[in-house]
Amino acid sequence: VFCSSAVATDTPKPRALQLVTESWPPYAYECDGKACGMDVELVTQVLARLGYQAQIQFVPWPRALAQLQANKADAILDISKGESNERASFLLFPKEALSTTSSSLFYLKSEPFVFSGLSSLSGKRIAVVRGYNYSASFMAATYFSREPGASHEQNMKKLARGRVDLALMDSAVGLYL
């Protein structure tokens, strides 16, 4: 940091980084006009120690990806490399992940479902999030349909209304919702 002698005693202001993400509670979400959540707290602290200030904007997932590809954001919060590392062509990933997750299939209590491999999804309508990265085997399967939605919240509403049979999402997000 360059400081002239006139301001040498002032603490330099951290450089602001524009981060984008979708609302993904409990990891990242908006509360009272502020970014909140476990991963928001973690990334804010990590960046502060590196001399940066995180400015987090919540947008739909496809828009977050598009903003990064168009260089309209500096980083994206809560993204994975993908099964075949396909996102590495336009994103840099740290050697160590900030957090890890697991996914679950959510269903209505009135329509119990037991997952016993991809073949058990035969004939099912499964809510997924548009722009999300799912395993190659899940995406290649032709014996069930994937119903893309804009968000996990939207997909849970589709499930509650019977428009899909199952909703695939991060376990903690699904339980939170």
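The following exercises, with worked solutions, concern the predicted model shown above.

Residues are numbered from 1 along each chain as its sequence is written, and side-chain values use heavy atoms, with hydrogens and water left out. Because the model is predicted, local features need pLDDT of at least 70 and side-chain atom pairs count only at pLDDT 80 or more, while totals for chains, interfaces and linings use all residues.

**Exercise 1. Overall composition**

State how many helices and strands the protein has, and in which pattern they follow.

Solution. Step 1: helices (H or I, at least four residues) and strands (E, at least two) are DSSP runs, numbered from the N terminus. Step 2: the protein contains five helices and nine strands. Step 3: along the sequence, the pattern reads β-β-β-α-β-α-β-β-β-α-β-α-β-α.

**Exercise 2. The open sheet**

Determine the strand order of the four-stranded open sheet and identify the strands at its edges.

Solution. Step 1: two strands pair if DSSP finds at least two bridges between them. Step 2: the order is S6-S9-S7-S8, with mixed pairing. Step 3: S6 (103-106) and S8 (145-149) each have a single partner strand and stand at the edges, so one side of each lacks a neighbour in the sheet. Step 4: strand S7 (residues 125-129) pairs with S9 in the parallel sense over two bridges, and Ile126 stands opposite Leu166 in S9.

**Exercise 3. The disulfide**

Locate the disulfide, and give its handedness and the exposure of its two cysteines.

Solution. Step 1: a disulfide is a pair of cysteine sulfur atoms within 2.5 Å. Step 2: the count by this rule is one, joining Cys31 to Cys36 with an S to S distance of 1.8 Å. Step 3: the torsion about the S-S bond of Cys31 and Cys36 is about -70°, so the disulfide is left-handed. Step 4: buried means under 20% relative accessible area, exposed over 50%, and partly exposed in between (1.4 Å probe, protein chains only). Step 5: Cys31, at 27% relative accessibility, is therefore partly exposed, whereas Cys36, at 15%, is buried.

**Exercise 4. Burial in the whole protein**

Find the percentage of residues that count as buried, and give the box that the C-alpha atoms fill.

Solution. Step 1: of the 177 residues, 33% count as buried. Step 2: taken along the principal axes, the C-alpha atoms fill a box of roughly 70 × 35 × 25 Å.
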